Amino acid sequence: MIKTIFALPVVEQLTPVLSRRQIDDVEVIVIEHPQVQASVALHGAHLLSWKPEGEAEALWLSDITSFKKGAAIRGGVPICWPWFGPSKEQGLPSHGFARNLPWTLQAHNEDESGVVLTFELQSDDETRKLWPHDFTLYARFKLGKTCEIELEAHGEFETTSALHTYFNVGDIAAVTVNGLGDTFIDKVNNAKEGKLNDGSQTFPDRTDRVYLNPEACSVIEDTALNRAIEVIHHHHSNVVGWNPGPALSVSMGDIPDDGYKTFVCVETACVSEPQTATEEKPSRLGQTIHIVKR
């Protein structure tokens, strides 16, 4: 799917390294810079791909995901906001509405090291039907040899949120994630609390855990691709680790049956402790991603 995005015809050339393209109902900003190739959908301000020069693609994007209006995109970095997981009210979208709405490209600039993009989402009559608050939400992406993402929310409210990042791996059976701390909530096991004795997580089957005391940096060790991915978390209270495993993967319409084998989600999140935004101080959530060759 990522190759398909870069093969799309150019609708508008914004700068020598930025172009606007279209896939089904979704506009995409494509970055082709000497230091980095990347793409971001305006639908959800959704980072679809990030590939620094000389590296393999860092993110995973489903080959059968939808690019239809109002549907969530499977893969990349979905923005889960203003709530994480199922809504407390029936009928509202899981993981909030920010990932299902069109954002505006507010600003962009580039230099020899890469590109910075800023997207904006504002409350309107439709969002107030789902969540009764006025807000302005920014998503900033600094894309080069590293990938820096920051979510900034202005208004007066409490939220839970996550950067639900899907990382491309060679083989989930050969992946270990370190730096997760010792305690987690196991969503596969009735939300019971569990212990991770050495802070290392493997993925032998379906895994869905909210880590309560994570370190500032999670490290994805990927022996199949002979690399590690460092994920530095900012303004977070939790890290979420997720892989659907074979049974759930088969049941999901937007993931290939064997898709679970080639990704792992390590998510910068605020789940157990909601964040408060005020007019004086916006809430923030961020991550910095770096690839390390082994």
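Here a trainee and a mentor talk through a predicted model.

Trainee: Before we start, what should I know about the numbering and the pLDDT limits?
Mentor: Happy to help! Residues are numbered from 1 along each chain as its sequence is written, and side-chain values use heavy atoms, with hydrogens and water left out. In this predicted model, local features need pLDDT of at least 70, side-chain atom pairs count only at pLDDT 80 or more, and totals for chains, interfaces and linings use all residues.

Trainee: Which strands stand at the edges of the open sheet that has the order β1-β2-β3-β4-β5?
Mentor: Strands here are DSSP runs (E, at least two residues), numbered from the N terminus, and two of them pair if DSSP finds at least two bridges between them. Five strands form this open sheet, with antiparallel pairing. Two of them have a single partner strand each, so one side of each is left without a neighbour in the sheet: β1 (12-13) and β5 (46-52).

Trainee: In β4, which residue is the bridge partner of E32?
Mentor: Strand β3 (residues 26-33) and strand β4 (residues 36-41) run antiparallel and are joined by six bridges. In β4, the partner of E32 is Q37.

Trainee: Which residues form the covered face of strand β13?
Mentor: In a regular strand the side chains alternate between the two faces of the sheet. In β13 (residues 175-178), T176 and N178 make up the uncovered face, while the covered one has V175 and V177.

Trainee: And which residue in β18 is the bridge partner of T176?
Mentor: β13 pairs with strand β18 (residues 217-222) in the antiparallel sense over four bridges. T176 has as its bridge partner in β18 the residue E221.

Trainee: Is R74 buried or exposed?
Mentor: R74 lies in the loop between β5 and β6 (79-80). Leaving aside neighbours within four places in sequence, its contacts (heavy atoms within 4.5 Å) include W60, Y166, W242 and D254. Buried means under 20% relative accessible area, exposed over 50%, and partly exposed in between, with a 1.4 Å probe and protein chains only. The relative accessible area of R74 is 18%, so R74 is buried.

Trainee: Which strand supplies the largest share of the lining of the largest pocket?
Mentor: A pocket is an open set of points on a 1 Å grid over the protein atoms alone, where a 1.4 Å probe fits, with protein on both sides within 12 Å along at least five of seven lines; lining residues have an atom within 4 Å of a point. The largest pocket is lined by 18 residues, and β11 (157-163) and β21 (263-277) each supply at least two. The largest share, three residues, comes from β11.
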